[in-house]
Amino acid sequence: MAKGKAKQTPKASRRVATSGDIEVSTYLEIAKEISGEQPAAAREAIPSGEREAIIVIDFGSQYSLLIARRVRECQVYCELVSPDTPWEKIAPLNPKGFILSGGPGSVYETNAPMAPSYIYESRLPILGICYGMQVITHQMGGQVMPGTKREYGHALLHLGGVDSPLFANVPQSTPVWMSHGDKIEAMPPDFNVLAYTDNSPFAAIGNDKNIFGLQFHPEVAHTPEGKAILKNFIYRICGCQGNWTMGNFITDSLTKIQKEVGKGKVISALSGGVDSSVVSTVIHRAIGDQLTCIFVNHGMLRREEVERTFNTFRLNMGMNIIYIDASERFLDRLKGVTDPETKRKIIGEEFINVFEEEAQKIGKVDFLAQGTLYPDVIESASSGSTAAAKIKSHHNVGGLPAKMTLKLLEPLRYLFKDEVRQVGLELGLPEEMVWRQPFPGPGLAIRIIGEVTKEKLEILRAADWVVMSEIKKAKLYRQLWQSFAILTDVRSVGVMGDFRTYGYLVAVRAVTSDDAMTADWSRLPYDVLARISNRIVNEVPEVNRVVYDITSKPPSTIEWE
């Protein structure tokens with residue numbers, strides 16, 4: 001029973017369907033204290049026999065995850081690890097090289113994070129980026145000092161000094177993105193200058209042992225030749241073959257799931273979108289009827305979501321689906337709760353309670369499957385990086401009870417969203433399912449500022465329905481990462497039909513993104529915004545004011561809570 005849950009909650013109604021689609025409603029924090037290490041099935045889900053990887057030592061940069069994305073775009077597996085990760089956990093990946101990320105620290109500070117000694121002892125190629133370059137310099141006998149002039153933003157890189165395969169087919173002068181306050185005062189012994197900027201005489205350095213440093217960030221879009229530089233490192237210097245494909249991922253995942261599950265039974269948490277659709281399909285292909293999917297209606301879904309989800313089930317899947325209406329139960333636990341982090345944890349905890357109760361009705365169940373993705377893990381600071389700050393419990397990774405009887409099965413744990421969509425298409429799932437915009441596990445609960453009530457849920461459902469219908473009518477749905485309405489706890493005076501009103505303020509949010517780690521607010525056409533505003537205030541009586549959120553991530557997050 002959940003902590004602090006004294007009174008009896010309403011019983012959930014239970015209904016069985018026989019086919020369908022689903023997005024995994026994933027709400028658990030897979031904290032290291034639970035298992036002590038990352039799931040073997042996910043970690044090994046790269047092509048057997050031809051395994052190769054580039055390892056990113058993560059020093060806490062806001063761009064670290066982008067490095068992994070760029071490497072994978074070159075069809076080479078890449079994983080982020082903390083500086084204190086032992087070699088024994090990295091060796092099975094068969095690393096072909098290391099990339100040291102940027103970070104917020106300074107190498108000359110006390111207790112500044114350093115690269116583990118094994119990366120140098122391995123004699124594998126190393127590429128240091130920004131702080132990572134300074135780590136190499138510091139550890140190999142050079143000197144790093146505070147800069148008299150900081151360098152943030154665009155700079156012009158000039159190739160010069162010794163030619164290097166790192167810059168093969170890169171123009172002699174090219175724009176790059178800088179973000180540093182420290183500078184290299186003296187290179188380590190036996191290193192050469194490869195490129196410079198007006199403010200950085202050592203903008204790129206290297207030696208004949210395939211150890212390189214870049215003061216700029218090749219992983220960001222502001223460095224146009226960045227991907228070419230990374231590709232040179234991956235292929236020309238590390239000698240990678242490029243076998244990280246979604247087809248290989250699927251083949252290997254099926255084998256790993258079969259091995260891990262054996263004759264056990266799996267239940268899958270479902271909610272209606274791409275993550276759970278892909279998770280359920282992969283697991284079902286691996287173990288068939290050993291999987292039972294559970295769709296929990298926690299009362300915080302959007303208008304017609306339950307009906308549309310079950311229609312998709314019947315059309316596209318052939319699985320055993322259990323439907324549970326637990327809306328009263330969840331709302332009862334959320335009474336009086338206003339803190340967003342507490343909301344997330346209550347919802348996550350209650351989901352596990354529901355799952356385990358249903359598992360007992362089904363019989364012996366061994367695993368809970370869910371669609372945790374790599375950005376979920378990183379943003380919740382569960383990668384093990386001591387340098388990165390926890391922003392919030394991610395809606396896909398929060399609220400794990402202290403004791404949980406089910407083992408976790410997370411075949412997508414090391415994938416980015418775009419990779420999940422590629423897997424979905426490879427599996428033959430319909431495009432409307434694969435390209436569904438992400439919807440948070442706690443649902444509308446974290447789009448209502450303050451306490452969640454039935455009245456507020458109905459207000460938000462009506463407003464959100466308007467936003468989605470107008471976005472789709474304008475054919476903007478596929479261009480946006482997410483678009484939705486938020487019911488704030490602000491009320492303002494208005495006038496309708498010569499009468500004074502005192503209604504809610506609704507905020508509209510629409511963003512573009514590649515992976516949700518960073519996002520930019522969408523410049524929606526004024527006429528679309530006008531139609532959204534006009535319809536909301538006319539169709540939702542409780543609302544008399546609409547605003548548009550024009551904040552990017554960072555500094556904000558995509559969701560308001």
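This section describes the overall fold content, two residues of helix 7, the cysteines and the aromatic contacts of a predicted model.

The chain contains 17 helices and 19 strands. Of its 561 residues, 61% count as buried. The exposed area of the chain is about 23000 Å². Carbon and sulfur atoms supply 50% of that area. Contacts across long stretches of sequence were also assessed. Among contacts in the chain with a separation of 6 or more, 78% join residues 24 or more positions apart.

Helix 7 spans residues 226–237 and includes L230. The relative accessibility of L230 is 0%, so this residue counts as buried. Residues up to four places away in sequence aside, L230 touches R70, I99, L127, P218 and E219. One of these partners, L127, lies 103 residues from L230 along the chain. The C-alpha atoms of L230 and L127 are separated by 9.1 Å. N232 is also placed in helix 7. N232 has a relative accessible area of 7% and is therefore buried. Its contacts, with neighbours within four places in sequence left aside, are P165, L166, F167, A168, V170 and I237.

Cysteine pairing was examined next. The count of disulfides is zero. C74 takes part in no disulfide. The cysteine sulfur nearest to that of C74 belongs to C240, at 9.4 Å. A disulfide requires sulfur atoms within 2.5 Å, so C74 and C240 do not qualify. C74 is buried, with 5% relative accessibility. C130 is buried as well, with a relative accessible area of 5%.

Aromatic pairs were then considered. A search of the whole structure finds ten of them. Y374 and F416 form an edge-to-face pair. Their ring centres are 5.8 Å apart, and the planes meet at 65 degrees. Y374 lies in helix 13 (residues 374–379). F416 lies in the loop between strand 15 (407–409) and helix 14 (417–426). The two residues are 42 residues apart in sequence, so the pair ties together separate parts of the chain. Both rings belong to buried residues: Y374 has 2% relative accessibility, and F416 has 1%.

W521 and Y548 make another pair. Their ring centres lie 6.2 Å apart with the planes at 75 degrees, so this pair is edge-to-face. W521 belongs to strand 18 (residues 520–521). Y548 belongs to strand 19 (residues 543–548). The pair thus links distant parts of the chain, 27 residues apart. Y548 has a relative accessible area of 19%. Buried means under 20%, so Y548 falls in that class. Elsewhere, Y77, W244 and F249 form one aromatic cluster.

Charged side chains also meet aromatic rings. R523 lies over the face of W521, at 3.8 Å from the ring centre. W521 therefore has two aromatic-ring interactions described here: the edge-to-face pair with Y548 and the charge of R523 over its face. In a further case, the charged end of K472 sits over the ring of Y477. The distance from that charged end to the ring centre is 5.1 Å.

Technical notes: Residues numbered from 1 in each chain as written. Predicted model: local features only at pLDDT ≥ 70, side-chain atom pairs only at ≥ 80, totals over all residues. Heavy atoms only, no water. Buried < 20%, exposed > 50% of the residue type's maximum accessible area, 1.4 Å probe, protein only. Helix = DSSP H or I, 4+ residues; strand = E, 2+ residues; numbered from the N terminus. Contact = heavy atoms within 4.5 Å. Areas by Shrake-Rupley, 256 points an atom, 1.4 Å probe, with all protein chains shown as cover. Phe/Tyr/Trp six-rings, centres within 6.5 Å; stacked < 30°, edge-to-face > 60°. Lys NZ or Arg CZ within 6 Å of the ring centre and 35° of its normal.
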